[in-house]
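Student: Could you take me through one part of this model in detail? I would like to look closely at the nonpolar core and what surrounds it.

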Amino acid sequence: MCDPQKLASLQAAKAKYDEKVEKVLQKMPERKKEFVNTSGIPVQRVYTPLDMEGFDYLKQLGLPGQYPYTRAVQPTAYRGRFWTMRQYAGFGSAEETNERYHFLLKSGQTGLSVAFDLPTQIGYDSDHALAQGEVGKVGVAIDSLWDMERLFQGIPLEQVSTSMTINSPCAVLLAMYLAMAEKQGVPFAKLRGTVQNDILKEYSSRGTYIFPPRPSMRLITDIFAYCTAEVPQWNTISISGYHIREAGSTAVQEVAFTLANGVAYVDAAIKAGLKVDEFGPRLSFFFNSHLDFLEEIAKFRAARRLWAKIMKERFGAQDPRSLMLRFHTQTAGCSLTAQQPLNNIMRVAFQAMAAALGGTQSLHTNSFDEALALPSELAVQVALRTQQVVAYETAVADTVDPLAGSYYLENLTDQVEAKAQEYIDQIDRMGGAVAAIEQGFVQKEIGAAAYRYQQEIEAGTRVVVGLNKFQVKEEEKPKDLLKVDPEVGNRQRARLQELKSTRDNAAVAQALAALKTAAQGTDNLMPPILAAVKTLATLGEICDTLRGVFGEYEAPALI
Amino acid sequence: MSAERKIRVLAAKPGLDGHDRGVKVICAALRDSGMEVIYTGLRQTPEQIVAAAVQEDADVIAMSVLSGAHNYLFPRVMELLKEKGIKDVLVMGGGIIPEEDVPALKAAGIAAIFGPGTDTKDIIGFIKENVRQR
């Protein structure tokens, strides 16, 4: 659209259109005075080439698999293969979850994603006082290598990729996975998967922290260093905006706070002596797919471009793989309603479609009953089928980044990127993401956005179908909600007793003492943790050893 | 004449659950409606919550659990209140609470359970109607 003559005639045509609109508006005003998206970006009536002035295709988009990777990180994208269909699952005991995994793999899922219960995520054994009532609830309870082996019974580790949502005690669970692989005779170099390992968003949004920021960052960079050498195909972190968004952020904040955390990890790893191109290629990301369809697609594209620029310009990365933002997506749990829950199936479908059009590498689609309980098997199957329909039936995956060049989408992608960059600059001025979180800045921004969103719903300016419009009086709730067996806690506790009375307790004590010494020094903590796990030291024992050296995080009082 | 005493609400997250979007939104709404709100932050034991309620002289305890541990945590708070002889504090719960769990929680003394999609005005109204009179 560079031809000045054509541009001039477009300008004239647009002026005429604007005149006409004025007349139409007098007769029939628009639905709203102002159209604005969740990020506060005004949405114009129409977008034309006039909104793409100065657009430079190669600089802003590039071809798929080319810098700045706006269109895709990989040249053929989904024409090669679809995204990995990966449903986050885990509940009760290792045996029950193992059964669900076999069901999912049989249903055509292509990767596993482990949900751990809260005591596991916070480094407590199932018999800890604070674990009361929580064992096996939001995920599977894993206390020791024994449980991990039961969790993966009958699943060949060299054939699946496994994602583990584990953060503060990530090193311990990863060590258990490695110990299990060793027993199965699978070389570490063949293992594929991801650990979330993203502590910063735990402080700001998700809440499963244990240690203060400094030792937590050390554990993270130790995992980077260890895996670079020993488990080269493993994604050592999944820098997560998902939970930031679930906590109530806008789309722009999701990109900004996630990439700001990413910057903090890269900084920490470089400070720990690693080279950016050694660990850069194994960094991965995790985003939310929310309701504003086009804003979400723009968000994914903007995030890809911005991260490529950050890695190249700020950190001087040279390896193209270091520049590529690869990400997992989950549809927005917070958009699901308890009212008329079947409507959630449609919400999830649109969100899944946005993730596909945004170029996600893997996807979890939520189950329609999740505002009511943990998902039932039927609901999980519908969720998985939803993304299979998007992939196999809608044909959106047949060409790469099909919405590129849309006047609106490109404009929006630019604006999301620019606004996210403004936040990152602001966080830099505060001293980086760790400082911004310690000062409560990130938490306050998210909290304010969440409150605004709720106020819009209550004022009716934001319509939620079935909740504040189109309600029904008496609704039938879905039946067959999943109930976690209340006995799981007792069984875990009994198993722990059995473990402690049959293992070599002297070897455990020795391994924990060695871990303590290592934690007090500066050596990489992965080898002593792996050694401890193999003696059947429990997760709680290992984390308590580290608590003794590192202390525990105290959240700032913000409200 | 002294100003009317504000209703004091202790908002709490018992257990290990980290989902605090809802509780924070409710804190803001209650505050905007003129109540005094104290938020405990995450990972509070039932003992800590009851101690905080006593110390803060709370009229209301509002607890949020989305992890499924409510059947243990909510009744435990009620038990501890009883042990301390506290009978006139209004205790409410919210989060992902399956409908079939509600009758037992109410029998344990939880005055109301508010699920996803609740309008904050309904919570404010409920508190104003049911809080103890001073």
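Tutor: Happy to; here is a walk through the core, one of its helices, the domains and the chain contact.

This is a predicted model, in which local features need pLDDT of at least 70 and side-chain atom pairs count only at pLDDT 80 or more, while totals for chains, interfaces and linings use all residues. Residues are numbered from 1 along each chain as its sequence is written, and chains are lettered from A and ligands numbered from 1 in the order in which they are written.

Let's start with the core itself. A nonpolar core here is a set of buried Ala, Val, Leu, Ile, Met, Phe, Trp, Tyr and Cys residues joined through C-beta atoms within 7 Å; buried means that 20 or more other C-beta atoms, placed from the backbone, lie within 10 Å of the residue's own. The largest such core has 193 residues, and A175(A), L259(A), I529(A), V60(B) and I61(B) have the most contacts inside it. Its top contributor is α10(A), with 13 residues (helices are DSSP runs of H or I, at least four residues, numbered from the N terminus). Domain 1 (57–65 + 77–163 + 170–456) and domain 2 (500–550) of chain A both supply residues to this core, so it lies between them; the domain bounds come from an automatic or database assignment.

Now for the helix. α10(A) covers residues 251–271, and its 21 residues reach 30 Å from first C-alpha to last, close to the 30 Å expected at 1.5 Å a residue (1.5 Å times one less than the number of residues). Of those 21 residues, 18 are buried. Leaving aside residues up to four places away in sequence, L259(A) touches A303(A), L306(A), W307(A), I310(A), A420(A) and I424(A), where contact means C-beta atoms, placed from the backbone, within 7 Å. Just after α10(A), G273(A) takes a positive phi of about 100°.

Next, the two domains. Their centres in chain A, taken over C-alpha atoms, are 28 Å apart. Domain 1 of chain A puts 24 residues into the contact and domain 2 of chain A puts in 16. On the domain 1 side, α6 (170–184) and α8 (213–230) of chain A are the elements giving two or more residues.

Finally, the chains: 29 residues of chain B are in contact with 33 residues of chain A. On the chain B side, α1(B) gives the most, with 5 residues.

Conventions: Contact = placed C-beta atoms within 7 Å. Buried ≥ 20, exposed ≤ 12 C-beta atoms within 10 Å, placed from the backbone.
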